[in-house]
Each structure stands twice: as C-alpha cells, then as structure tokens.
Amino acid sequence: MCGRYAASRGPDELAALFDIQHWDGQAVGADWNVAPTKEVYAVLERPLKDSGDPAPVRQLRVLRWGLVPSWAKSPELGAKMINARAETVHEKAAYRRAFAARRCLLPADGYYEWATAGEERQEEEKGKRKRPRKQPYFVTPADGSVMAMAGLFEFWRDRSLPDDHPRAWWTTCTVITTDAEATPCAGAEQAAGERPLTLHDIHPRMPLMLPPERWEAWLDPSRTDPEALRGLLAPPPSGLVRAYPVSREVNSTANNGPGLVAELPEPEDTTLF
C-alpha cells in the first residue's frame, strides 16, 4: 500500500521534470511526511477553466489525498480511499469513472513502508491494518530521480455551500498500488546487517510507479478504453528502487523534515528478517 510518502520538490523543479504548461500558483511546502488528507502536488491534463479552448493542458495542481467519489454524501469517505488496487481499479464504483477520464501523476521522493513479521504479516496480507507498526523503511529511486506514482483524481461538490464558496468543490486523489516486487532492490545484496532483500519482504503491496515513457499516455484524457489503459498499469522494471531503514520518528505525523529520510546504519528492529 502507500500510506505515507515524502515530496520535497517545488513547483519550478516539477514544472521542468513534467513539462508543465500551466500552474495556477497554488503551492504546498516541502513535506517529508505526507499523510492522508494532506494537500499534495499532482500532474494532470485538462482544459483550462474559462479559457474557451477544449484542448487539454498539462497542469500542476494541488489536490487533497484521499479520493472522494462524486456520489459520496460526505467527504469523510476520502480518508479511507487513499489507495486503489491496479487489478480492480477499472471496475470498482468509486474509481472506474476517474480511471477512464481523470488520471494523474503524484510526484514523490519516495514512500514509507513498515515491515512486519509472523502473524501480523499474515493479517496484513489479508488486507487488515497492522498494529503496532514496526520498522519503517524508505523506498526511493536508486538514481535519485522523481518517483511518479500513478493516481486518479475526482471532483466532489459540497451541496451545503453556495457555488461561490471557496470550499464548494473538492478535488481529491488516490494512489494506485500493485503487487510489491519480489526481486532484490538496488544494492540490497550489498547492504550490511539484517535487511529485507525485496520490497515484498517489507510489504505485499507498493505504489505503482510509472516510468517517463508512460507518462504521456497515462495523462492523456482522450484515452478512455479500460483495457488499453490497464496495459499501462504493468509494474515498472525491477531493481529501480532501493529501500533502507529510517527512524521511527516518521510514525508520528507531528514530525517532519529531511531527517526523516536519513538512512540508519542498521534497522532499529532487527527481529523481522
């Protein structure tokens, strides 16, 4: 799954990386502990509002993490919809319309995942949340590039507010996940100490990272055929990311800053592997 990630790149860098044509000036600061319901940067393609031109424009937008379907009675549902499974995203009622027409990329430095073992791991593989969380790991591109997570976005209208109210419309998003890689991470075999070799050793799911050659097709709103779009959800080539232990300070959303992604020489919990 993806329940927390780091995103420190600013709008200027993101504009260059993703060939952004329009940014409305709305900004969020660097965040090394992005949690559900926070505002995040997203790359998407839509016509510019009130421009009169129907052609889609690649934009950098600020969205709220936790997708609220258009038919939801309350935005509270979004806190439970931070992830969508790649295997079923085309058919689930909450996601299928967005999958057909409202796809985005969510830029990240990397994401956090917590390793568990034994009975806790078995419950986790059944889709049940684990408690307490164990050793956190940070998963990031081995070459230092941006991690472009496949996402969907949706609009929700708060009927309790007038049309001109700034919170009348919510724009929310979700991260698409897939089976975690079962091949060794970059540098895993050379890492000292007791560490997981693969992402699957840490957690059975991972966010779906799209390589640059798929960005254009994924963002193109004119592509609406579900089967063709599902072909874009193939896992990326293996061995592109590294995973390393980080401090348990990331467990609390009250903590933030670049120190959260600092690599520990050894895991704090060495009983898991």
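A polar contact is a pair of N or O atoms within 3.5 Å, where within protein one atom must be able to donate a hydrogen and the other to accept it. The side chains of Arg 9 and Glu 13 are joined by such a contact, at 3.2 Å. The structure described here is a predicted model.

## Arg 9 and its surroundings

Arg 9 sits in the loop between strand S1 (5–7) and helix H1 (11–18). With a relative accessible area of 17%, Arg 9 is buried, because the cut-off for a buried residue is under 20%. In addition to Glu 13, the side chain of Asp 109 makes a polar contact with the side chain of Arg 9, at 2.7 Å. Leaving aside residues up to four places away in sequence, Arg 9 touches Leu 14, Leu 17, Tyr 41, Ala 108, Asp 109, Gly 144, Ser 145 and Val 146.

## Salt bridges

Side chains of opposite charge can pair when their charged atoms come close. The structure contains 12 salt bridges. Three of them are listed below, with the N to O distance of each pair.

| Pair | N to O distance | Separation in sequence |
|---|---|---|
| Asp 109 and Arg 9 | 2.7 Å | 100 residues |
| Arg 102 and Glu 154 | 3.0 Å | 52 residues |
| Arg 242 and Glu 263 | 2.8 Å | 21 residues |

The pair of Asp 109 and Arg 9 links distant parts of the chain: Asp 109 lies in the loop between strand S7 (103–108) and strand S8 (110–115), whereas Arg 9 lies in the loop between S1 and H1. Asp 109 has a relative accessible area of 12% and is therefore buried, and Arg 9 also counts as buried at 17%.

Arg 102 and Glu 154 likewise link distant parts of the chain, with Arg 102 in the loop between helix H2 (96–101) and S7, and Glu 154 in strand S10. Arg 102 counts as buried at 17% relative accessibility, and Glu 154 is buried with a relative accessible area of 6%.

In the third pair, Arg 242 belongs to strand S13 (residues 241–245) and Glu 263 to the segment after S13. Arg 242 is partly exposed at 28%, and Glu 263 counts as partly exposed at 37%. Salt bridges with shared partners also join Arg 9, Glu 13 and Asp 109 into one network.

## Nonpolar cores

The largest nonpolar core has 32 residues, of which Tyr 5, Trp 65, Leu 106, Tyr 111, Met 149 and Leu 199 touch the most other members. Strand S10 (residues 147–157) supplies the largest share of this core, 4 residues. Another core, of 31 residues, lies apart from it and includes Leu 14, Leu 105, Ala 148 and Leu 229.

Leu 106 touches Val 40, Tyr 41, Ala 42, Met 147, Ala 148, Met 149, Gly 151, Cys 173, Thr 174 and Val 175, when residues up to four places away in sequence are not counted.

## The five-stranded sheet

Strands of a sheet pair through backbone hydrogen bonds, either parallel or antiparallel. Here, an open sheet of 5 strands follows the order S3-S1-S8-S9-S13, with antiparallel pairing. Strand S3 (31–34) and S13 are the edge strands, each pairing on one side only. From one strand to the next, the twist averages 25°. S1 and S3 pair in the antiparallel sense over 2 bridges, and the bridge partner of Ala 7 in S3 is Asp 31.

Notes. Residues numbered from 1 in each chain as written. Predicted model: local features only at pLDDT ≥ 70, side-chain atom pairs only at ≥ 80, totals over all residues. Heavy atoms only, no water. Core = buried A, V, L, I, M, F, W, Y, C linked by side-chain atoms within 4.5 Å. Buried < 20%, exposed > 50% of the residue type's maximum accessible area, 1.4 Å probe, protein only. Contact = heavy atoms within 4.5 Å. Salt bridge = Lys/Arg side-chain N within 4 Å of Asp/Glu carboxyl O. Pairing = 2+ DSSP bridges. Axes fitted to C-alpha atoms, helices over the stretch in contact; angles between N-to-C directions.
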